Amino acid sequence: MSDTQHAAQPQPAGEQEPTGADRAKAFAKSRRGPILGAIFLMATSAIGPGFITQTATFTAQLGAAFAFAILVSILIDLAVQMNIWRMITVSGKRAGDLANSAVPFTGHLLAVLILIGGLAFNIGNIAGGGLGLNAMLGIDPKIGGLLTALLAIGIFLFKKAGRVVDIVVMALGVGMIAMTVAVAIASNPPIGDALRQTFVPDTLNFATITTIVGGTVGGYITYAGAHRYLESGLTGPEHVTAVHRASLNGILVTGVMRYVLFLAILGVVASGIALDLSGQGANPAGQAFQAVLGEAGFRIFGFIFWAAAITSVIGAAYTSATFLSTFSKRLSGGWPLQLATVAFIVVSLIVYLLIGTAPAALLVFVGGFNGLILPIGLTIFMYIGWFRQRDVLGGYRYPVWLLVVGTLATALTWYMGSQSIVPIFAFLGVGA
């Protein structure tokens, strides 16, 4: 995925040698694509088919009170992403290598967890792509899933895959936001009530917060943007301001999409239309969009669902593949990394074609599993921030306020994980 830099070419006679300012501008322009790509890769990875379905389901159940859960998820997102992006880019190392440099083999443990969780979720992402194309074009869901995976594979087989990924995720991300905003305006949601309950909810449901946080921040999503940002070349303590700005922009894009999607569905629920949440075949988000704009709304939902799915396929596959470099440096970039990413998608596709979609029990279990990966990784990173600044971070003086915020988020995610693990295993019939 890395974008190679071309050697400087000799200047033809009569042409003026570029000044230092000109070279700086050219370098900044060449890095803009990977930076924007990192922002949108993080944002679109956090907004997959599962998140869209969960938002519709919880909005139908809680109404405007669900806004508080979205706010909490964004605040936790801020604490997590600002720390992860900063530590990874200051050190210039991917998460697995950084963890290993602090505590031997913890990077390998983290890599295994990310790969397992990423593979299971990628099966669901491919299935979501099939459902999206079915709603948008009427294509059979299984064929739609196959086409979605083949398109993602084609992107990574392209020589300059990094640039293509950046363009695809940015274009689809902007398209998702624009279409969702249009539906939100048409649904005429009670914005005043939504704003009030964003801060003072009538109903507080801790389980919904746990689910949203695990599905939008946990697992591979935590590291998607930061790993792509490394390829911008803007690493080291001198680029802290740039990485801080990029992480905040990524969270802003994610937060806008989450809240706008919530408002679009809230308008339907507030109008008195009951969404069918029963049965595995229920499609509450599709019903909401169809209720607003009829058949056109259902087609728009299909595009949004498909765009969320394919960008999540790209994000899950790429980020999971970058963790393979923890085991072999030959997979750290270039064609080896691109081929590893393709292999990851191929395995996900084969499993999807064999089982149709991930069984409900597996998806629920992996959701809890994904939520558990988050505090494990965060604990390692907080240890580095508090105690290993001198050696692991090269003497960088880490902001204490950021460590405090990150530590509080880590404690909260551990608590949420402890609350969810028992019912998850009970659902699988493993525990009580």
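Is Tyr383 buried, partly exposed or exposed? In this predicted model, Tyr383 has a relative accessible area of 31%, so it counts as partly exposed.

**A nonpolar patch on the surface**

Tyr383 belongs to helix α14. Together with Val103, Trp386, Phe387, Val400, Val404 and Leu408, Tyr383 makes a nonpolar surface patch of about 670 Å². Two helices each supply at least two residues of this patch: α14, which covers residues 360–387, and α15, which covers 400–427.

**An enclosed helix and its charged partner**

Let us turn to helix α4. This helix spans residues 95–102, and 7 of its 8 residues are buried, so α4 is largely enclosed by the rest of the structure. The buried residues are Ala95, Gly96, Asp97, Leu98, Ala99, Asn100 and Ala102.

One of these buried residues, Asp97, has a charged partner: Asp97 forms a salt bridge with Lys329, with the closest N and O atoms 2.6 Å apart. This pair links distant parts of the chain, since Asp97 sits in helix α4 while Lys329 sits in the loop between α12 (284–322) and α13 (334–355), 232 residues apart. Unlike the buried Asp97, Lys329 counts as exposed because its relative accessibility is 53%.

**Salt bridges around Arg196**

The structure holds 7 salt bridges. Side chains of opposite charge can pair when their charged atoms come close. Three of the pairs are set out here.

| Salt bridge | Closest N and O atoms |
|---|---|
| Asp97 and Lys329 | 2.6 Å |
| Arg196 and Asp193 | 2.9 Å |
| Arg196 and Asp202 | 3.3 Å |

Which residues are joined into one network by salt bridges that share partners? They are Asp193, Arg196 and Asp202. Arg196 bonds with Asp193 and also with Asp202.

Arg196 and Asp193 both lie in helix α8, 3 residues apart, which is about one turn of the helix. An α-helix has 3.6 residues a turn, so residues three or four places apart point the same way.

How open to the surroundings are the members of this network? Arg196 has a relative accessible area of 39% and is therefore partly exposed. Asp193 is also partly exposed, because its relative accessible area is 29%. Asp202 counts as exposed, since its relative accessibility is 54%.

**How two pairs of helices pack**Two packed helices are described by the angle between their axes and the distance between the axes. Helix α8 (residues 191–199), home to Arg196 and Asp193, packs with helix α3 (residues 66–91) at an angle of about 55 degrees, the axes being 7 Å apart. That angle makes α3 oblique to α8. Their crossing is right-handed.

The second pair is α12 and α13, the helices on either side of the loop that holds Lys329. α12 and α13 pack at an angle of about 125 degrees, and their axes are 8 Å apart. These helices are therefore oblique to each other. The crossing of α12 and α13 is right-handed.

Note on methods. Residues numbered from 1 in each chain as written. Predicted model: local features only at pLDDT ≥ 70, side-chain atom pairs only at ≥ 80, totals over all residues. Heavy atoms only, no water. Patch = residues over 30% accessible without salt bridge, like charges linked within 9 Å, V, L, I, M, F, W, Y side chains within 5 Å. Areas by Shrake-Rupley, 256 points an atom, 1.4 Å probe, with all protein chains shown as cover. Salt bridge = Lys/Arg side-chain N within 4 Å of Asp/Glu carboxyl O. Helix = DSSP H or I, 4+ residues; strand = E, 2+ residues; numbered from the N terminus. Buried < 20%, exposed > 50% of the residue type's maximum accessible area, 1.4 Å probe, protein only. Axes fitted to C-alpha atoms, helices over the stretch in contact; angles between N-to-C directions. Parallel < 35°, antiparallel > 145°, perpendicular 65-115°, else oblique. Left-handed = near helix turned anticlockwise from the far one by under 90°.
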